[in-house]
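Hello,

Here is the structure I promised to pass on. Please open it and keep it beside this note while you read.

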Amino acid sequence: MNFGVIGAGQMGGGIAQVAAQSGFTVVVQDVKQEFLDRGRAVIEKSLAKLHEKGRLMGTPDEVLGRIQFTTELTDFADCDLVVEAIVENEAIKAQLFRQLGEIVKPDGILASNTSSIPITSLATVSGRPERFIGMHFMNPVPLMALVEVIRGYSTSDETAQKVTEAARAMGKTPVECNDFPGFVSNRILMPMLNEAIQCVMEGVAEPEAIDQIMKLGMNHPMGPLTLADFIGLDTCLAIMEVLHQGLGDDKYRPSPLLRKMVQAGLLGRKSGRGFYSY
Ligand SMILES: CC(=O)CC(=O)SCCNC(=O)CCNC(=O)[C@H](O)C(C)(C)COP(=O)(O)OP(=O)(O)OC[C@H]1O[C@@H](n2cnc3c(N)ncnc32)[C@H](O)[C@@H]1OP(=O)(O)O
Ligand SMILES: NC(=O)C1=CN([C@@H]2O[C@H](COP(=O)(O)OP(=O)(O)OC[C@H]3O[C@@H](n4cnc5c(N)ncnc54)[C@H](OP(=O)(O)O)[C@@H]3O)[C@@H](O)[C@H]2O)C=CC1
């Protein structure tokens, strides 16, 4: 399988890595060489760790050798499946899919790793709605089992089947759902994270206490504020905006503190500071 990934950030890098681990030939694109270099360094570190633990088929060099890093979208022309993992912004994703629809061979499948944006809208602008789907990996991609597979209005059975098979070949467990704002994962997860942020704003408890209560009390692997920092506060805000607008209910209103922190450039782990410092 010729596999394409757009965006070499935390999700794109992880998706490319897991695709290469499963033996696919992978092309990863980002807008600047420095983002590709950063993505490659993260992949190298993760592969070294998995190798050290005996959890990698082949050597890190063999896996890396299957990944081509590029700044050119035209390198996706011959891909069977291209997964987009760029910033969570509908206008920017739509612009990209308009271009990709012209570049990728006609029988190639286009997928979005979006956390919340309507798959059906992106499918329409791609010009190939039957061969368009949501392929939503979880963070950190090398460790998490789930791929949420989201069918758009016109996604064909054949496309859903091929993407399900690709996810299984990557060692993941695909689970299907329909195209509603936030799908299942973020419809349920993100309001909890937003509520934790609201608790900080209202002074219900300190961030450390909120996280400890949820970790020790509910057996969550990470507290909600640690997880929000891990996902990226900009991404959390973008998802809450989609839920709020798409479902039209104020119970999805983003916390003003979340909005303010994003305005201040406190994006969590990726910017060095969010609810915690890194
Ligand atoms: C926003 C969206 O649209 C959707 C989303 O993705 S929402 C986010 C979903 N993800 C989650 O909820 C993650 C919640 N957290 C967890 O499940 C766990 O904390 C975790 C799996 C991330 C880490 O597991 P953990 O048990 O806490 O242990 P931790 O010690 O941190 O890590 C386990 C090992 O994996 C390693 N590891 C972590 N990330 C890694 C990676 N990317 N590649 C390879 N190894 C990695 C760690 O270094 C560690 O190795 P050692 O045992 O040698 O120290
Ligand atoms: N973070 C998470 O936990 C999860 C995120 N997602 C989704 O995955 C997607 C990516 O998120 P994440 O990896 O966290 O984000 P990151 O910010 O880590 O990475 C996004 C990458 O895409 C690049 N990029 C931005 N615009 C373009 C463009 N027009 N063309 C090519 N590349 C571009 C960014 O460059 P630059 O640095 O210049 O912005 C960056 O390298 C989002 O849709 C998000 O909702 C899904 C599951 C989990």
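Below is what turned up, starting with the sheet and ending with the ligand. Bear in mind that this is a predicted model.

The sheet first. It is open and has eight strands. Their order is β3-β2-β1-β4-β5-β6-β7-β8, and the pairing is mixed. Two strands stand at the edges: β3 (67-70) and β8 (173-178). Each has a single partner strand, so one side of each has no neighbour in the sheet. From one strand to the next, the twist averages 25°.

Take one pair inside it. Strand β1 (residues 2-6) runs parallel to strand β2 (residues 25-29), and five bridges join them. Ile 6 stands opposite Gln 29 in β2.

Helix α6 (residues 157-169) packs on this sheet. The helix touches β4 (81-84), β5 (109-112), β6 (132-137), β7 (146-151) and β8. Its direction makes about 170° with that of β7.

Now ligand 2. How many residues surround it? The count is 25, and the closest are Gly 7, Gly 9, Met 11, Ser 115 and Asn 139. By type, the shell holds 12 nonpolar, 10 polar and three charged residues. Helices α1 (10-21) and α4 (90-103) each supply at least two residues of the shell. The largest share, three residues, comes from α1.

Why does ligand 2 lie between domain 1 (2-178) and domain 2 (187-271)? Both domains give residues to its shell, so that is where the ligand sits.

Best wishes

Key: Residues are numbered from 1 along each chain as its sequence is written. Chains are lettered from A and ligands numbered from 1 in the order in which they are written. This is a predicted model: local features need pLDDT of at least 70, side-chain atom pairs count only at pLDDT 80 or more; totals for chains, interfaces and linings use all residues. A residue is near a molecule or strand if its C-beta atom, placed from the backbone, lies within 6 Å of it. Helices (H or I, at least four residues) and strands (E, at least two) are DSSP runs, numbered from the N terminus. Ala, Val, Leu, Ile, Met, Phe, Trp, Tyr, Cys and Pro count as nonpolar, Asp, Glu, Lys and Arg as charged, and the others, Gly among them, as polar. Domain bounds come from an automatic or database domain assignment. Two strands pair if DSSP finds at least two bridges between them. Axes are lines fitted to C-alpha atoms, for helices over the stretch in contact, and angles run from 0 to 180 degrees between N-to-C directions. Two residues are in contact if their C-beta atoms, placed from the backbone, lie within 7 Å.
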